[in-house]
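Subject: Structure handover and notes

Dear colleague,

I am passing on the structure we spoke about, and below it you will find my notes on what came out of going through it. Please read them with the model open beside you.

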Amino acid sequence: FDFLYSKKGMKYRILALIVLVVGFTSAQAQYGKKTKEPKTRILFIFDASNSMNGKWQSSNKNSVAQKLLSQALDSLRGVENLELALRVYGHQKYYRMGQDCDDTKLEVPFGGNNAEKIINKLKKITPKGTTPIAQTLEKAGEDFSFCADCRNIIIMITDGIEECGGDPCAVSMML
């Protein structure tokens, strides 16, 4: 996350796609039997804070990010042993009403073949709040139920920096 803090004073950051590998486990081959592919679970964390209303190229950051994520989700349709989920932050309370550092919510829980659900949810999201990255990452860790045979991945799409005093680097190391 060091790149989020470079260039002091710059309010907006270029959209970043951060992949945090939460944990890896793999199936073990027993007595020469074929190894079963582990289930992969991908949690997308989407920044819907007010800064996503800012311009980027010919559109706003939110539209660009939604389009890119929707294209990625389209490419994941029909992939076996894959479950997807969506957590969003900064979308429940307007920043003008006060900073809400708990503004993070699992909008689409893990499930197979739910790319369409995530795309439809993204279309309803309006950026309006603050950027609680550390708090969101902590909550994201709770979104994954125990699975001894799963590969868990978090992909965060954001343009900003932590605005609630948390330490995203420390939380990512904890995860």
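Setting aside its neighbours within four places in sequence, F44 is in contact with L69, L73, L76, L84, A85, L86, R87 and I155. Please keep in mind throughout that this is a predicted model. A second core, separate from the largest one and made up of 13 residues, includes I45, I133, M156 and V171. As for the largest nonpolar core, it has 21 residues, of which F44, F46, L73, L84 and L86 touch the most other members. At least two residues of this core come from each of β2, α1, β5, α2 and β7 (150-158).

Strand β5

Strand β5 has all eight of its eight residues buried, so it is largely enclosed by the rest of the structure. L82, L84, L86 and V88 point one way from the strand, while E83, A85, R87 and Y89 point the other way, and the members of both sets are buried. In general, the side chains of a regular strand alternate between the two faces of the sheet. On the pairing of this strand, β2 and β5 run parallel and are joined by eight bridges, with Y89 in β5 as the bridge partner of D47. The pairing of β5 with β6 is antiparallel and extends over five bridges, and there R87 stands opposite L106 of β6.

Two helices

In helix α2, which spans residues 115-124, the buried residues are A115, I118, I119 and L122. Viewed down the axis of α2, these buried residues fall within an arc of 100°, so they line one face of the helix. K117, K123 and K124, on the other side of α2, are exposed. The elements against which the buried residues of α2 pack are β2 (39-47), α1 (61-76), β5 (82-89) and β6 (104-111).

D143 belongs to helix α3, residues 133-143, and it counts as buried because its relative accessibility is 14%, which is under 20%. Not counting residues up to four places away in sequence, D143 touches L43, R87, L106 and F110.

Disulfides

How many disulfides does the structure hold? There are two, and when the bonded cysteines of the chain are numbered in sequence order the pairing reads 1-4, 2-3. One disulfide joins C101 to C164, with an S to S distance of 2.1 Å, and at -90° about the S-S bond this link is left-handed. The pair connects distant parts of the chain, since C101 is in the loop between β5 and β6 and C164 is in the loop between β7 and α4 (168-174), 63 residues apart. C101 counts as partly exposed at 26% relative accessibility, and C164 likewise counts as partly exposed, at 25%.

The other disulfide is formed by C147 and C150, whose sulfur atoms are 1.9 Å apart. The torsion about the S-S bond of C147 and C150 is about 70°, so this disulfide is right-handed. C147 counts as partly exposed at 23% relative accessibility, whereas C150 is buried with a relative accessible area of 1%.

Salt bridges

The count of salt bridges comes to six. One of them is formed by E83 and K39, whose closest N and O atoms are 3.3 Å apart. Because E83 lies in strand β5 and K39 in strand β2, this pair ties together parts that are 44 residues apart in sequence. K39 itself counts as partly exposed, at 31% relative accessibility.

R77 also forms a salt bridge, with D74, and the closest N and O atoms of that pair are 2.7 Å apart. The side chains of E116 and R77 meet in a salt bridge too, at 2.7 Å from N to O. That pair links distant parts of the chain, with E116 in helix α2 and R77 in the loop between α1 and β5, 39 residues apart. Through salt bridges that share partners, D74, R77 and E116 are joined into one network. In relative accessible area E116 is at 36% and partly exposed, D74 is partly exposed at 39%, and R77 counts as partly exposed at 40%.

With best wishes

Conventions: Residues are numbered from 1 along each chain as its sequence is written. This is a predicted model: local features need pLDDT of at least 70, side-chain atom pairs count only at pLDDT 80 or more; totals for chains, interfaces and linings use all residues. Side-chain values use heavy atoms; hydrogens and water are left out. Buried means under 20% relative accessible area, exposed over 50%, partly exposed in between (1.4 Å probe, protein chains only). Helices (H or I, at least four residues) and strands (E, at least two) are DSSP runs, numbered from the N terminus. The arc is that of the directions from the helix axis to the C-beta atoms. Contact means heavy atoms within 4.5 Å. Two strands pair if DSSP finds at least two bridges between them. A nonpolar core is a set of buried Ala, Val, Leu, Ile, Met, Phe, Trp, Tyr and Cys residues joined through side-chain atoms within 4.5 Å. A disulfide is a pair of cysteine sulfur atoms within 2.5 Å. A salt bridge is a side-chain nitrogen of Lys or Arg within 4 Å of a carboxyl oxygen of Asp or Glu.
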